[in-house]
Amino acid sequence: MRLVTMGGAPIMQQLHLEERLLRRTSDNWCIVNDGTAPPTIVMGVSGKVSELVEIQPVLRDHVPVIRWFSGGGTVIVDQGTVFVTFICNKTAVDGLQPFPRDIMSWTGQLYGKVFRGFGEFHLRENGMSK
């Protein structure tokens with residue numbers, strides 16, 4: 001697996017990199033970005049701005065609103081967000097099926113090992129908590 005580490009790269013730059021890697025290479029990648037600026041709302045592909053974003057404060061405060069190219073939910077990201085993205089072939093992890101729940105289970109087990117000793121770790125469909 002190839003590793004890319006970034007410190008504070010703007011989320012739009014990170015998303016462009018992810019899309020290029022997904023479309024132009026067959027290698028497996030792990031991308032880590034420690035924080036992003038400015039604070040940005042990132043929406044899922046099917047999310048509706050009128051339902052998920054308070055328009056007036058966003059316009060007043062000039063908060064960027066962008067979309068994930070690959071789906072996902074709507075989140076607010078900033079300098080306190082640590083991003084970890086895996087771009088992998090279907091055969092990269094033995095026995096892992098390319099379905100959301102299977103991938104979440106694998107990811108939860110992986111991060112459980114990473115964060116062992118820091119408290120109890122849970123990965124949830126609507127976010128994660130420690």
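The chain contains 4 helices and 8 strands, and the model shown here is a predicted one. Followed along the sequence, these elements appear in the pattern β-α-β-β-α-α-β-β-β-α-β-β. Two open sheets are described below, together with the helix that touches their strands and a patch on the surface.

**The chain as a whole**
- Taken along the principal axes, the C-alpha atoms of the chain fill a box of roughly 50 × 40 × 30 Å.
- Of the 130 residues in the chain, 27% are buried.
- The accessible surface of the chain comes to about 9,000 Å², and carbon and sulfur atoms account for 54% of that surface.
- Among the contacts in the chain with a separation of 6 or more, 71% are between residues that lie 24 or more positions apart.

**The sheet β1-β2-β6**
- An open sheet is built from 3 strands in the order β1-β2-β6, and the pairing within this sheet is mixed.
- Strands β1 (2–6) and β6 (82–87) stand at the edges with a single partner strand each, so one side of each is left without a neighbour in the sheet.
- From one strand to the next, the twist of this sheet averages 10°.
- Strand β2, which covers residues 29–34, pairs with β6 in the antiparallel sense over 6 bridges, and V32 has V84 in β6 as its bridge partner.
- Helix α1 (residues 11–24) packs on this sheet, where it touches β1, β2 and β6, and the direction of the helix makes about 10° with that of β6.

**The sheet β4-β3-β5**
- Another open sheet consists of 3 strands in the order β4-β3-β5, again with mixed pairing.
- The edges are taken by β4 and β5 (75–77), and because each has a single partner strand, one side of each is left without a neighbour in the sheet.
- The twist in this sheet averages 35° from one strand to the next.
- Strand β3 (residues 40–43) runs parallel to β4 and is joined to β4 by 3 bridges, with V65 in β4 as the bridge partner of I41.
- Helix α1 also lies across β3, β4 and β5, and runs at about 10° to β4.

**V65 and the surface patch**
- V65 is located in strand β4, which spans residues 65–67.
- The relative accessibility of V65 is 35%, and V65 therefore counts as partly exposed, a class that lies between under 20% for buried and over 50% for exposed.
- Together with V49, I55 and L59, V65 makes a nonpolar surface patch of about 300 Å².

Conventions. Residues are numbered from 1 along each chain as its sequence is written. This is a predicted model: local features need pLDDT of at least 70, side-chain atom pairs count only at pLDDT 80 or more; totals for chains, interfaces and linings use all residues. Side-chain values use heavy atoms; hydrogens and water are left out. Patches are made of residues with over 30% relative accessible area and no salt bridge: like charges are joined within 9 Å, nonpolar side chains (Val, Leu, Ile, Met, Phe, Trp, Tyr) within 5 Å. Accessible areas come from the Shrake-Rupley method with a 1.4 Å probe; for residues, only the protein chains shown count as cover. A salt bridge is a side-chain nitrogen of Lys or Arg within 4 Å of a carboxyl oxygen of Asp or Glu. Buried means under 20% relative accessible area, exposed over 50%, partly exposed in between (1.4 Å probe, protein chains only). Two strands pair if DSSP finds at least two bridges between them. Axes are lines fitted to C-alpha atoms, for helices over the stretch in contact, and angles run from 0 to 180 degrees between N-to-C directions. Contact means heavy atoms within 4.5 Å.
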